[in-house]
Number of protein chains: 2
Amino acid sequence: MLFSLAMIVPAIVAAVYKDGAGKAFMAAFALCVSAGFLLWFPQRHQKTELKAKEGFLIVVLFWTVLGSVGALPFILTENPNMSVTDSFFESFSGLTTTGATVIVGIENLPKGILFYRQMLQWLGGMGIIVLAVAVLPILGVGGMQLYRAEIPGPVKDKKMTPRIAETAKVLWYIYLFLTISCTVAFWLAGMSMFDAICHAFSTIAIGGFSTYDASLGHFDSSLINTICAVFLIISGINFSLHFAAVNGRNITFKYYFLDPECRAFFFIQISLTLICVAILLAQQVYSSPTVALDQAFIQSVSISTTAGFTTTSFSEWPLFLPVLLVFSSFIGGCAGSTGGGLKVIRVFLLSLQGMRELKRLVHPRAVYQIKLANKALPDRVLEAVWGFFSAYTLVFVICMLGLIASGMDELSAFSAVVACLNNLGPGLGQVAVHYSDISDASKWVLLIAMLFGRLEVFTLLVLFTPVFWKS
Amino acid sequence: MLFSLAMIVPAIVAAVYKDGAGKAFMAAFALCVSAGFLLWFPQRHQKTELKAKEGFLIVVLFWTVLGSVGALPFILTENPNMSVTDSFFESFSGLTTTGATVIVGIENLPKGILFYRQMLQWLGGMGIIVLAVAVLPILGVGGMQLYRAEIPGPVKDKKMTPRIAETAKVLWYIYLFLTISCTVAFWLAGMSMFDAICHAFSTIAIGGFSTYDASLGHFDSSLINTICAVFLIISGINFSLHFAAVNGRNITFKYYFLDPECRAFFFIQISLTLICVAILLAQQVYSSPTVALDQAFIQSVSISTTAGFTTTSFSEWPLFLPVLLVFSSFIGGCAGSTGGGLKVIRVFLLSLQGMRELKRLVHPRAVYQIKLANKALPDRVLEAVWGFFSAYTLVFVICMLGLIASGMDELSAFSAVVACLNNLGPGLGQVAVHYSDISDASKWVLLIAMLFGRLEVFTLLVLFTPVFWKS
Ligand SMILES: [K+]
Ligand SMILES: [K+]
């Protein structure tokens, strides 16, 4: 297992670097192969089954090593000339699909670097799918053991290593298929092939990187906006459902409508869009209802699924809407999707529990059970979700204090942590468009926030507990 | 019960209004007596035992009616000439011991109004003690049923109405004793008798109103600062512990050190003070360590217990510290004290649960119990605490969105909600000193936030559920 993980690094990077021309990529590639070999060599005889502890360690190592290696091309390249901190920030922002950038003047970058940034997001998205569908449920992070038994399909019975490998293969086919469909759709809608591929990468990964400073606003096309929003919604659904839908003899859509999380997700997207349309028309931001609907749809979906694509006019919206949408990014995508945030299912369970408490206050002696799709949920899952929520809050507060200590003003610090911890990307205030004006210390804090968000907090937090390191 | 509650209104107000001179108070008194009579008259034959539902209704009605009645003098008086919104805001801010003010130039108010503002806080504090020690545990709000069986003393066995009355009496004696001690201490430290009484009122109630715009900074005395901080800590302790300490034959202090919440509370206060001292000295804000310690002590205690007194120099501190302290106000005082926030015990339980989750991840099959003072906690209490936490978060987000919709900028909105929901008082940004520059709509949102905070969210929230109104 360690073997394959360690070898994925150079393998993936090699695949990437053929696309980028120049010395930087070749040098980075050489470094990676050596590093990969050094990592692999001492472990080559180890083939035992994994324990929970090792699982956490591998997942965290995998992401940090990949992120660090991913920074090499940025460090080595001469255009753009980036500092080490900036390179790490851009690389982790890509891999974690956060999509916060420190680069201004994206249009002027060489095509190789542009493509590389998008590809980082796409690869990150791949990693997340496997992490969220196959690895975290087994490790039981933040209530995701819920999915261990529930989802029809791959996550069952078998031992850990082969199970992950099998599941990963099918998930990646789905991921690839979605990316190709999205590319074709963008292309037909008028993008160049290069832009189409690049934006499909960051759409399916819910990453939000673009090849233009103006993001999606560059194209100014309602068709492209709509395609992007639709594919974001598809990518924001639990990939286990996609898996279930294509796994039988026929492709079937019933799983989407049977799944309470997916229904809640659709409901949230529709409500947000309608709220935005209503307020935009009421405040006469747009005169035409069609334009309002188009803009509301793409912005609601883009921010609430934590993609972070923006259109030109978003910054001119009345303040209430950006703040509402930024808060909605705490909900994020479904579990097992490429979206960030707390995940729809967790927020859903938290509200069910909140409602149960209210009912209990009125009828203290009645017994209320929390059910999901007609099955009573074990307390264990709920407790894990609560633990997740408080850990998320704790990390949020600590990161925000760290940012302020490193010199940011409160508003920027607040929105930067929201944007990075939820893997959203753009914030408000000083970090509304890019992150190049903040101090190096702030960037490192945010990099850590991204990693916490992407690894569902607990996976990383558990490494800091004494009980983890006791043999 | 309803009878006594309804009659408390005019009784209390009568006691108050003898102190304030002028037509405003007399008119208000007349209005109160009539209103009280009208409320009481239809209920005069009802003497049955209370149910949970009625309990919630009475508590909420009690606070809203008292707050509205309390606004009358502000509306009727000519100096200051306040709008209806401002009057309600000031009255609720006083009664909920929030201490946010819309008045600028407090020094110029007539003594009667000054005294009345402080007295509102003091009465509010009394109400909170009874609410938190005697009423909420019985209603089981937010895990406070924990105290139903645990605390030695009054909250046990007996029926609701006599139990509340008896407990209230003893608690009020303690409250009165503390107020008198505090007054004497302030007076000996150099305050005028009037200022001493006024500040003792708002100290013991952890309210934070002052008779000067500059708050405690007006006196510029480290002795007064220290006295205030010490009494804030005493008032921030669960009054059940004070009750237990004086209830036996001898006064005994062991309960304080046996109680895990109280220990955590001391620990938090000491840590915050030390952090502040360290950073203040490191950043050379004060040259003398004694001054740094004095300022750090009063500000840490004042903000983290949610009193909200400020000294002149607080606004000049490096930004990190104010934000840290404002966040610490989420922890607030102990349950059953006059402090606001989530309460120490809840935060303590949440962290225990968070740690349990982390341990469970490493050893999925081990059984970890959450214990408090060597007793395993029932899941029911933990669930209630979690529900409380999420309801608090929900109310926070909704209030903040409401404020932004009513035209505030994000930072002020954020800190205003923190300050009001935690019953802290002063915020950051636009609302750092007073709340007079914000729109009427914002004031109403904040008034509701104060009430949510003071009534421990659930008490008020439960009224908005359908299940409450189903017979
Ligand atoms: K993103
Ligand atoms: K206060």
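**Exercise 1.** Determine whether Leu424(B) is buried or exposed, and then which donors hold the potassium ion (ligand 2).

*Solution.* Leu424(B) has a relative accessible area of 0% and is therefore buried, where buried means under 20% relative accessible area, exposed over 50% and partly exposed in between, with a 1.4 Å probe and protein chains only. The model is predicted, so that local features need pLDDT of at least 70 and side-chain atom pairs pLDDT 80 or more, whereas totals for chains, interfaces and linings use all residues. Residues are numbered from 1 along each chain as its sequence is written, chains are lettered from A and ligands numbered from 1 in the order in which they are written, and side-chain values use heavy atoms, without hydrogens and water.

Next, take the ion: its protein donors lie 2.5 to 3.1 Å from it and include Thr306(B) (O) and Leu424(B) (O); donors are N, O and S atoms within 2.8 Å of the metal (3.2 Å for Na, K and Ca), and sites may look incomplete because water is not among the atoms. Thr306(B), in the loop between α13 (289–304) and α14 (320–328) of chain B, and Leu424(B), in the loop between α17 (410–421) and α18 (440–454), are 118 residues apart. Thr306(B) is likewise buried, at 0% relative accessibility.

**Exercise 2.** Establish which rotation superposes chain B on chain A.

*Solution.* A rotation of 180° with 0.0 Å of shift along its axis superposes chain B on chain A, with an RMSD of 0.0 Å. The two copies are thus related as by a two-fold rotation axis; the superposition is by least squares on the C-alpha atoms of residues with pLDDT of at least 70 in both. Of the residues of chain B, Leu411(B) comes closest to this axis, at 2.7 Å (C-alpha).

How values were computed. Helices (H or I, at least four residues) and strands (E, at least two) are DSSP runs, numbered from the N terminus.
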